[in-house]
Amino acid sequence: MSAVSGTIDTERARPADALAASARRNAWNLALLGFLAILLVFTKLIQPSYGVPGVQGLAISVLPLALAAVAQAIVVLSGGIDLSIGSMMALVNVVAATQMQGRSEEFGVAVVLGVLLLGLALGAVNGTLIVLTRVPDIIVTLAMSFVWAGCALLVLPTPGGGSAKWLPELVSGSLGNEWIPKAAVGLIVVVALIWIPVRRSWLGLSLYAIGSNRLAAFRSGVSVGRTRILSYTLMGLFAALAGVSLTASTGIGTPVPGPYTLLSVAAVVLGGVSLAGGRGSVFGPILAVIILQLIRTDMTFLDINTNFATVLQGLILIGVVMIGSLVQIRASRA
Amino acid sequence: MSGVASASGARNAWLTGAAWRALFRDRPMIPLLFLLAILVVVSELARPGIVGPEWIGVILRAAVLLAILAGCQTLTMLTGGIDLSVGAVGSMAGFVVASFAAGAGWPTGVVVALIAAAIAGFVTGIGVGVFRVHPLIMTLGMSFVILGLANVWQLQSVVTSTGVPREFRSLGSQAYAEVVPFSLVVFVPVAALILVGLKRTGYGRLLYAIGDNPIAARLSGARSWQILVVLYVISALLAAIAGFLYSGYTNVASVTLVDSAVLPSVAAAVIGGTSILGGRGGYGGTIVGALILTVVSSLLSSLGYPEAVRQVLFGAIIVAVAAAYTRVTGET
């Protein structure tokens, strides 16, 4: 205890130490950023022609998974998990595609707003069921993944539908400088507009509080049930954004859920968010998604069988978690 | 949804007495068998004349596959874990056998597949038991690794014909007198082993012990890492056996064949009364759970409902049953 309070005191005393402490807190994100930079340099070395199209392709291809990872990160931070994100994305994707097909461009705006509300509702249903039934979140969301995927199939039995023209244009191409893809800008704007205000409000604090110690949070006056429902609602919003980005990047609706649920869990873990909750941020998972995609691209450039990319993805996931828990076991022994 | 709501309302009225609650908690088999019987009656009412020896054969053939995979989930869930790699392991096993069938013969393929599955299970067990990685993450990561390697193997063995061996096809999809599926030859010993193993052996009791209270189990001298390593090897071997039967049942050899059965296998174990938190449940309930899911899905398809409705109803059933269990056991 004395060591902890000691560091806090010095932190207040010297700004340099405060900076160091902040770097320590964000060590994992900084490491991911560093690794991403090295990976980009490496990509340029093995494929000198890697340039603007490559970066734009990367930005568009990571967009759905990056948003799904943010969604997953929000529930994991608050001590939960959601295995229905992929199905929610599929449902939102097909609803958007069927409603926008053959309609006016202006109506498309209303559809996008509508499906975002739908996402909020889907997330709220998940959260409410978890809180009311007191069944473990893993089971409820697993069951709901069937329900949402079934609903998606009911809306649109086979891939089809369409998209308003402005939607794909929103994520393809670049903004200002050709090196700044619109998809990346969109991702940053969305996360900054929604997550940062939440993070800085009482809701953000409550989310982290129920994630790190539910009983302590309850005793400090946090309404645990309500906060859990809100965390799932927020997750639903980001899952809906991910679903809309699928419509934007493919131009159609696909009722079969992609591998996004499991990949989002992987990205969250690689992004430094503790599965026990309460530790991490939504930025680490985004970096992790970009890194995973870039590794895949690099393996194509190196002419390595892309199936090894899947193997590597699994090995990285296991390796990172193993090292993380080894560190924890050692720390608890010391 | 209205059907689910009225069902839960009826359950409340039915379970007013503490005795009923205790029955549901301690002997989940009785209400589950009752539910199964109702479903069979509903099937008969919906399509008069459908329930007969052949119908039973069809149901059993499908349920056996699900029940074996659900066995993996039951065993791992008893320790508070879960095994999401059963899809990848099962598909890999079925595919490996098919790829060996034309060349070295299917018995060699079976041996190779079982060894590969055991290695995968061993690695998972080391990760979960020694490195304390969350089973969800560990098995998820392993399923990526196995899928990738199986894909690589698929490209390597593309020259040989990849047909499911005839022996597997008859084992998985045919039945004695069109009623008693041959797959029972595999399933009955497996089920007996799991049932007896859980109830009557020290190892089975240890699974319950480390799931119920890991600290108490450790203080009582249980070496949980050894138990977990053996557990995940067993789970992978079961998944491989299920994979053999799946490839025979569908006459398909694909590296993603069993993937779609992973979530239903968890659902069967949950419906059967096994708690994902560990320490409570058993394989008997899981078998009935697998039968219930199979009868529901056959009922819906016989009524002409699309796959979509089946999925929605599956999800609703899982939440309703799990909520009922949580209520009567008081677990949170």
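Colleague: How many other C-beta atoms lie within 10 Å of R134(A)?
Modeller: This is a predicted model, where local features need pLDDT of at least 70, side-chain atom pairs count only at pLDDT 80 or more, and totals for chains, interfaces and linings use all residues. Residues are numbered from 1 along each chain as its sequence is written, with chains lettered from A and ligands numbered from 1 in the order in which they are written. R134(A) is partly exposed (20 or more other C-beta atoms within 10 Å, placed from the backbone, would be buried, 12 or fewer exposed), because its count is 16.

Colleague: Where does R134(A) sit?
Modeller: R134(A) isn't a glycine, yet has a positive phi of about 60°. Most residues other than glycine have a negative phi. Helices here are DSSP runs (H or I, at least four residues), numbered from the N terminus. R134(A) lies in the chain A loop between α6 (105–133) and α7 (137–155).

Colleague: Chain B next: which loop holds N251(B)?
Modeller: N251(B) isn't a glycine either, and its phi is positive, about 55°. With 13 C-beta neighbours inside 10 Å, N251(B) is partly exposed. Its loop is the one between α12 (224–250) and α13 (262–271) of chain B.

Colleague: Which elements of chain A give two or more residues to the side that touches chain B?
Modeller: In total, 39 residues of chain A are in contact (C-beta atoms, placed from the backbone, within 7 Å) with 38 residues of chain B. The elements on the chain A side are α6, α7, α13 (260–270) and α15 (307–333).

Technical notes. Two residues are in contact if their C-beta atoms, placed from the backbone, lie within 7 Å.
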